[in-house]
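Student: Got a minute to go through this one with me? I'd like to start with a single residue and work outwards.
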Amino acid sequence: MARRALRYEPDEWADRVRNGGVRAAARLMRMLDDHDPLAFEVMKRVYRSTGRARVLGVTGNPGAGKSTLVTRLIGQFRQARETVGIVAVDPSSPYSGGAILGDRIRMQQFATDPGVFIRSQATRGKLGGLASSTNDVVNVLDAMGYDVVIVETVGVGQDEIDIMKLADTVLVVMVPGYGDDIQTIKAGLLEIADLFVVNKADRHGIDTTLRDLRQLQTLREAHDERWTPPILKTVAVRGDGIPELMQSLQRHRDFLVESGEHDRRRQRRAVLGLVELLSDRIKVRLEQWLSKGGQLEALGAAIAGRERDPYSETEAILGSLLREP
Ligand SMILES: Nc1nc2c(ncn2[C@@H]2O[C@H](COP(=O)(O)OP(=O)(O)OP(=O)(O)O)[C@@H](O)[C@H]2O)c(=O)[nH]1
Ligand SMILES: [Mg+2]
């Protein structure tokens, strides 16, 4: 009921988002999750104001220290007077409050900082795909004017790897102790990494991990011969290695711009965003159609009785789904 009150006309809503309105933006993000048509009306109006934020993706195994590292990065960006939006794609993320106390205390330094906006996203099981809604949230933060947008996600599954394609720079976080198992680290993650961070460098096995990773890198064909992903080590809990990480991030940014890779990645992100939106919409349409009831059973009986064939029916249904407003 109270939520209902916060509905504006699309033009006003877009203005509020562009002016950095936190409440309007948070409401918009929730409505995007629900595929509310009004949310898409607002997005149409703010899209042209996006494209300015620099998007960083941070991924890696569960518990590798991604959030701790991101917290450190936020501190660095804030010191440089840059504003930061964070998307934590993980229901168990410390940002969501379901975390251990230490993380929460660490994050509290930003609780009253208007230059930091944190959005936890646990959209699994909702309508549509994860990559699509994450892209939407990145767009909203971008339109709000945040200088940097950081997407944190656990590096398991294909969804997460797709999400990382939304970023200008992808940081893959690992920890010591994999030993020979480093070969089994998800190949997709190795391929998308622009920077490797071996965090928890205070732990035993750090040298072995660094060596294995370097070796692995020489064995693989570089995905871009113009850029060899640096391997950095950090102790995020102490802040060790963070200035070096910031320098590497800046170097990668320079590389992106000078090589033209920046524009190429932006185009890739646009294509991915478009395809995700399309498949989301088709999926939602299909779910609505399936839930209408009755017609599916009748059709099933006709197909089972061989009066109709499923191939022709698929084409007919697809046609009508795409035609419906
Ligand atoms: N020893 C040590 N512990 C660390 C370091 N960085 C983070 N941790 C601890 O590792 C644990 C997990 O850290 P998080 O930052 O929550 O890790 P995460 O990768 O975000 O975890 P998920 O989001 O749940 O996948 C916490 O208890 C941190 O305090 C480090 O450099 N050294
Ligand atoms: Mg985390």
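Student: Is Ser-259 buried, exposed or partly exposed?

Tutor: Bear in mind that this is a predicted model. Ser-259 has a relative accessible area of 25%, so it counts as partly exposed, since buried would need a value under 20%.

Student: And which helix is Ser-259 in?

Tutor: Ser-259 is in helix H11. In space, its C-alpha is 9.8 Å from that of Trp-227, with the two positions 32 residues apart in sequence.

Student: What does the ring of Trp-227 pair with?

Tutor: With Phe-255. The ring centres are 5.3 Å apart and the planes are at 25°, so the pair is stacked. The cut-off for stacked is under 30 degrees.

Student: Where do Trp-227 and Phe-255 sit in the chain?

Tutor: Trp-227 is in the loop between helix H10 (206-219) and strand S7 (231-233), while Phe-255 belongs to helix H11 (residues 242-259). Their positions are 28 residues apart in sequence, so the pair ties those parts together. Both Trp-227 and Phe-255 are buried.

Student: How many aromatic pairs are there in the whole structure?

Tutor: A search of the whole structure turns up three. One of them is Phe-117 with Tyr-146, a tilted pair with 6.2 Å from centre to centre and 50° between the planes. It links distant parts of the chain: Phe-117 is in strand S3 (residues 116-120), and Tyr-146 is in the loop between helix H7 (130-144) and strand S4 (148-154), 29 residues apart.

Student: Are Phe-117 and Tyr-146 buried or exposed?

Tutor: Both Phe-117 and Tyr-146 are buried.

Student: Staying with rings, what sits over the ring of Phe-40?

Tutor: The charged end of Arg-281, 4.1 Å from the centre of the Phe-40 ring.

Student: OK, zooming out. How many helices and strands does the protein have?

Tutor: There are 14 helices and seven strands. The protein has 325 residues, and 49% of them count as buried. As for the outside, the accessible surface is about 16,800 Å², with 51% of that belonging to carbon and sulfur atoms.

Student: What share of the contacts comes from residues 24 or more positions apart?

Tutor: 78%, taking the contacts with a separation of 6 or more.

Student: Which residues have the most contacts inside the largest nonpolar core?

Tutor: Trp-13, Val-17, Leu-28, Val-140 and Leu-141, in a core of 53 residues. Helix H7 gives the largest share of this core, seven residues.

Student: Why does that core lie between domain 1 and domain 2?

Tutor: Because domain 1 (1-49) and domain 2 (50-275) both give residues to it. Another core lies apart from this one, with 28 residues, among them Val-148, Val-197, Leu-245 and Phe-255. That Phe-255 is the ring stacked with Trp-227.

Student: Now Met-43. What is it in contact with, leaving aside neighbours within four places in sequence?

Tutor: Met-43 is in contact with Leu-28, Leu-32, Asp-136, Asn-139 and Val-140. Leu-28 and Val-140 are also among the residues with the most contacts inside the core of 53 residues. Met-43 lies in helix H4 and is buried, with a relative accessible area of 9%. Its C-alpha is 7.5 Å from that of Ala-14, although the two are 29 residues apart in sequence.

Student: Switching to backbone. What's odd about phi of His-35?

Tutor: Phi of His-35 is positive, about 55°, and the residue is not a glycine. Most residues other than glycine have a negative phi. His-35 is in the loop between helix H3 (22-33) and helix H4 (37-46), and at 13% relative accessibility it counts as buried.

Student: What about Arg-306, buried or exposed?

Tutor: Arg-306 is exposed, at 68% relative accessible area. Phi of Arg-306 is positive too, near 60°, and the residue is in the loop between helix H13 (295-304) and helix H14 (310-323).

Student: Last one: where does Thr-208 lie?

Tutor: Thr-208 lies in helix H10 and is partly exposed, with a relative accessible area of 32%. The C-alpha atoms of Thr-208 and Gly-177 are 8.1 Å apart, with the two residues 31 apart along the chain.

Technical notes:
Residues numbered from 1 in each chain as written. Chains lettered and ligands numbered in written order. Predicted model: local features only at pLDDT ≥ 70, side-chain atom pairs only at ≥ 80, totals over all residues. Heavy atoms only, no water. Phe/Tyr/Trp six-rings, centres within 6.5 Å; stacked < 30°, edge-to-face > 60°. Helix = DSSP H or I, 4+ residues; strand = E, 2+ residues; numbered from the N terminus. Buried < 20%, exposed > 50% of the residue type's maximum accessible area, 1.4 Å probe, protein only. Lys NZ or Arg CZ within 6 Å of the ring centre and 35° of its normal. Contact = heavy atoms within 4.5 Å. Areas by Shrake-Rupley, 256 points an atom, 1.4 Å probe, with all protein chains shown as cover. Core = buried A, V, L, I, M, F, W, Y, C linked by side-chain atoms within 4.5 Å. Domains from an automatic or database assignment.
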